[in-house]
Amino acid sequence: ERFESAFQKAATMAIPSLFVGELDRTNAILRDLLNESFSNIVVDDEVLHREIREYIKNISPGLERIVKMHKGTASVFESLGIEKQIKTSFGKTVTMPSGAYLIIEHTEALHVIDVNSGHRALNQNDQENNALQVNLLAADEIARQLRLRDMGGIIVIDFIDMYNAEHKKKLFQHMRDIMERDRAKHHILPLSKFGLMQITRQRVRPETNIVTMEDCPVCQGTGHTAPAIILTDQIESNLDYLFENNHIGSLMIKAHPFVAAFLNKGLFSLKWKWRLKYKKWISIKASPRYTFFEYHFFKGEDEVEV
């Protein structure tokens with residue numbers, strides 16, 4: 001229909017004009033993935049919202065009703081919890097609802113996935129069946145992770161040890177069944193004597209590698225922090241500057257709870273020492289959201305820049 005419509009318009013089109021073009025990224029994804037299981041498509045851009053509705057209306061009339069425009073001040077990723085799902089799904093550790101979890105490691109030669117039961121204990125008296133159930137659940141998540149990250153090449157999976165030959169065969173068949181929906185070419189080998197399953201998978205697109213780790217807010221990712229022993233000297237130096245140059249009558253210091261407790265500790269605490277030294281009213285307030293070496297000065301509700 002798309003090409004027929006283009007041919008009909010060709011006679012009246014000005015020269016030069018675009019006769020027909022490749023689908024954009026969004027429509028290409030919908031073309032490949034859209035099916036009857038979709039219940040909602042949420043969009044946060046009005047132009048894109050119209051384009052998607054028009055495209056779905058052309059390929060599947062009536063289904064355009066599932067395209068919704070996102071409303072609200074929070075981003076669509078934040079309001080729908082997508083950001084958290086990305087961090088959870090693409091990290092080194094992938095936790096499953098059952099309590100079991102996967103450890104996914106990447107090397108130049110291959111990908112390694114280790115299955116761990118975690119705190120899951122369905123039946124303490126039957127470890128073999130317990131291992132089988134955890135492995136079957138892990139197989140479902142592994143198949144999803146392979147598609148999600150588009151992991152290609154050699155994948156080695158270290159399942160929880162099982163000794164029953166029928167259980168090993170059942171796990172192998174289950175993995176083959178759930179991998180059938182994977183569009184990438186793949187080959188699966190049965191479990192080895194060491195409980196390892198080997199999979200080769202063709203990479204459809206560049207592997208998705210999302211950095212889920214964040215820089216430490218204390219050391220800013222350097223791995224080093226200022227010596228804790230000089231922290232109080234730094235605070236006192238800042239107090240010298242503020243009281244001498246800003247004519248401030250009183251100050252409140254907000255700091256990490258551990259630091260605040262140290263400054264308030266004892267009958268003749270550092271707080272009282274500073275009060276006597278500067279003859280100013282100084283109060284200390286703990287703020288749990290601060291990092292360990294973070295502190296700020298306030299005059300009333302307003303922060304005082306140093």
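Q: At what angle to β10 does α10 run where α10 lies across β9 and β10?
A: This is a predicted model, in which local features need pLDDT of at least 70 and side-chain atom pairs count only at pLDDT 80 or more, while totals for chains, interfaces and linings use all residues. Residues are numbered from 1 along each chain as its sequence is written, and side-chain values use heavy atoms, with hydrogens and water left out. Helices (H or I, at least four residues) and strands (E, at least two) are DSSP runs numbered from the N terminus, and axes are lines fitted to C-alpha atoms, for helices over the stretch in contact (heavy atoms within 4.5 Å), with angles running from 0 to 180 degrees between N-to-C directions. Lying across both β9 and β10, α10 makes with β10 an angle of about 155°.

Q: In what order do the four strands form their open sheet?
A: Two strands pair if DSSP finds at least two bridges between them. The pairing in this open sheet of four strands is mixed, and the order is β10-β9-β11-β12.

Q: Which strands stand at the edges, each with a single partner strand?
A: An edge strand of this sheet has a single partner strand, so one side of it is left without a neighbour. The two strands in that position are β10 (281-286) and β12 (302-304).

Q: What is the average twist from one strand to the next?
A: The figure is an average over the step from one strand to the next. In the sheet that runs β10-β9-β11-β12, the twist averages 35°.

Q: Which residue in β12 is the bridge partner of phenylalanine 298?
A: Strand β11, residues 295-299, pairs with β12 in the antiparallel sense over three bridges. For phenylalanine 298, the bridge partner in β12 is glutamate 303.

Q: What angle does the direction of helix α9 make with that of β10?
A: Helix α9, residues 257-264, packs on the sheet and touches both β9 (250-255) and β10. With the direction of β10, that of α9 makes about 145°.

Q: At roughly what angle do the axes of helix α8 and helix α10 cross?
A: Helix α8 spans residues 231-245 and helix α10 spans residues 270-278, and their axes come within 12 Å and cross at roughly 25°. Angles under 35 degrees count as roughly parallel, over 145 as roughly antiparallel, 65 to 115 as roughly perpendicular and the rest as oblique. This makes α8 roughly parallel to α10, the crossing angle being roughly 25°.

Q: How do the residues of the contact of α8 with α10 divide by class?
A: From α8, the residues Thr232, Ile235, Glu236, Leu239, Asp240 and Phe243 meet Leu270, Trp274, Lys277 and Tyr278 in α10. Ala, Val, Leu, Ile, Met, Phe, Trp, Tyr, Cys and Pro count as nonpolar, Asp, Glu, Lys and Arg as charged, and the others, Gly among them, as polar. The contact residues therefore divide into six nonpolar, one polar and three charged.

Q: Within what distance do the axes of helix α6 and helix α7 come?
A: The axes of helix α6, residues 127-149, and helix α7, residues 165-178, cross at roughly 20°. That angle makes α6 roughly parallel to α7. Among the residues in their contact are Leu132, Leu136 and Ala139 of α6 and Leu171, Met175 and Ile178 of α7, and the axes come within 10 Å.

Q: In what order do the six strands form their open sheet?
A: The pairing in this open sheet is mixed. Its edge strands are β3 (93-95) and β7, each of which pairs on one side only. The full order is β3-β4-β5-β6-β8-β7.

Q: Which residue in β4 stands opposite threonine 93?
A: Over three bridges, β3 and strand β4, residues 101-106, pair in the antiparallel sense. Opposite threonine 93 stands isoleucine 103.

Q: Which residue in β8 is the bridge partner of glycine 153?
A: Strand β6, residues 153-158, runs antiparallel to β8 and is joined to β8 by six bridges. Strand β7, residues 186-188, pairs with β8 in the antiparallel sense over three bridges, and there the partner of histidine 186 is arginine 201. For glycine 153, the bridge partner in β8 is likewise arginine 201.

Q: Which side chains along strand β8 point to one face and are buried?
A: Buried means under 20% relative accessible area, exposed over 50% and partly exposed in between, with a 1.4 Å probe and protein chains only. Side chains alternate along β8, residues 196-201, with Leu196, Gln198 and Thr200 pointing to the other face and not buried. Those on the buried face are Met197, Ile199 and Arg201.
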